[in-house]
Amino acid sequence: MSELKELINRAKEKDVKAMEELFNQFKPLLKSRARKYSQYGLEYEDVFQQAVLLFILAVYNYKEKPPTTFAGYMKKRIDWGLWVYYREYLKQKIEISSGLKPK
């Protein structure tokens with residue numbers, strides 16, 4: 001079993017050290033995506049925290065299905081999750097600027 005697969009399996013079993021190692025491997029991706037969305041008016045720290053939450057959820061939900069790699073899966077999950085987060089931000093901003101009450 002590859003080192004990455006072993007880390008993923010251990011992290012899924014709530015091994016904190018394994019999750020930390022995985023996180024450190026993917027931290028540059030999370031920072032990159034957070035920087036991208038912070039250019040659109042979101043606070044970098046908020047976006048980065050959201051990306052970290054998405055990362056943790058993605059690790060627990062990952063199921064190995066070739067040809068999808070863990071890195072590819074992670075990138076898609078982070079991008080999709082941050083896009084949804086950004087849409088919610090825009091929706092709230094529009095509602096506030098238009099005088100509508102957010103739900």
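Is Lys14 buried or exposed? In this predicted model, Lys14 is exposed, because its relative accessible area is 63% and a residue counts as exposed when that value is over 50%. Lys14 is found in the loop between helix 1, which covers residues 3-12, and helix 2, and it has a positive phi of about 70° although it is not a glycine. The charged end of Lys14 sits over the ring of Tyr60, at 5.3 Å from the centre of that ring.

Beyond this loop comes helix 2, made up of residues 16-38. At its start, a side-chain oxygen of Asp15 reaches to within 3.0 Å of the backbone nitrogen of Lys17. A straight helix of 23 residues would span 33 Å at 1.5 Å a residue, whereas helix 2 spans only 29 Å between its end C-alpha atoms. Helix 2 also has a kink of about 50° at Phe26, shortly before the proline Pro28. Phe26 is one of the buried residues of helix 2, which also include Ala18, Met19, Leu22, Phe23 and Arg33.

The aromatic rings are the next topic. The count of aromatic pairs comes to twelve, and two of these pairs are set out below.

| Pair | Centre to centre | Angle between planes | Arrangement |
|---|---|---|---|
| Tyr37 and Tyr86 | 6.0 Å | 55° | tilted |
| Tyr44 and Phe48 | 6.1 Å | 15° | stacked |

The pair of Tyr37 and Tyr86 links distant parts of the chain, since Tyr37 belongs to helix 2 and Tyr86 to helix 4 (residues 70-98), with their positions 49 residues apart. Both Tyr37 and Tyr86 are buried.

Tyr44 and Phe48, by contrast, both lie in helix 3 (residues 44-61), and because they are four residues apart they are separated by about one helical turn. Their rings count as stacked because the planes lie at 15°, and the cut-off for stacking is under 30 degrees. Tyr44 is partly exposed, with a relative accessible area of 26%, while Phe48 is buried, with a relative accessible area of 12%; the limit that separates these two classes is 20%. Ring pairs also link Tyr44 and Phe48 into a cluster with Phe23, Phe26, Phe55, Tyr62, Phe70 and Tyr73, so that Phe26, the site of the kink in helix 2, is among the members of this cluster.

One feature of the backbone remains to be described. The peptide bond from Pro66 to Pro67 is cis, with omega near 10°, and Pro67 has its place in the loop between helix 3 and helix 4.

Definitions and conventions
Residues numbered from 1 in each chain as written. Predicted model: local features only at pLDDT ≥ 70, side-chain atom pairs only at ≥ 80, totals over all residues. Heavy atoms only, no water. Helix = DSSP H or I, 4+ residues; strand = E, 2+ residues; numbered from the N terminus. Expected span 1.5 Å × (residues − 1). Bend = angle between axes of the 7 residues up to and from the residue. Buried < 20%, exposed > 50% of the residue type's maximum accessible area, 1.4 Å probe, protein only. Polar contact = N/O pair within 3.5 Å; in protein donor to acceptor, adjacent residues only side chain to side chain. Phe/Tyr/Trp six-rings, centres within 6.5 Å; stacked < 30°, edge-to-face > 60°. Lys NZ or Arg CZ within 6 Å of the ring centre and 35° of its normal.
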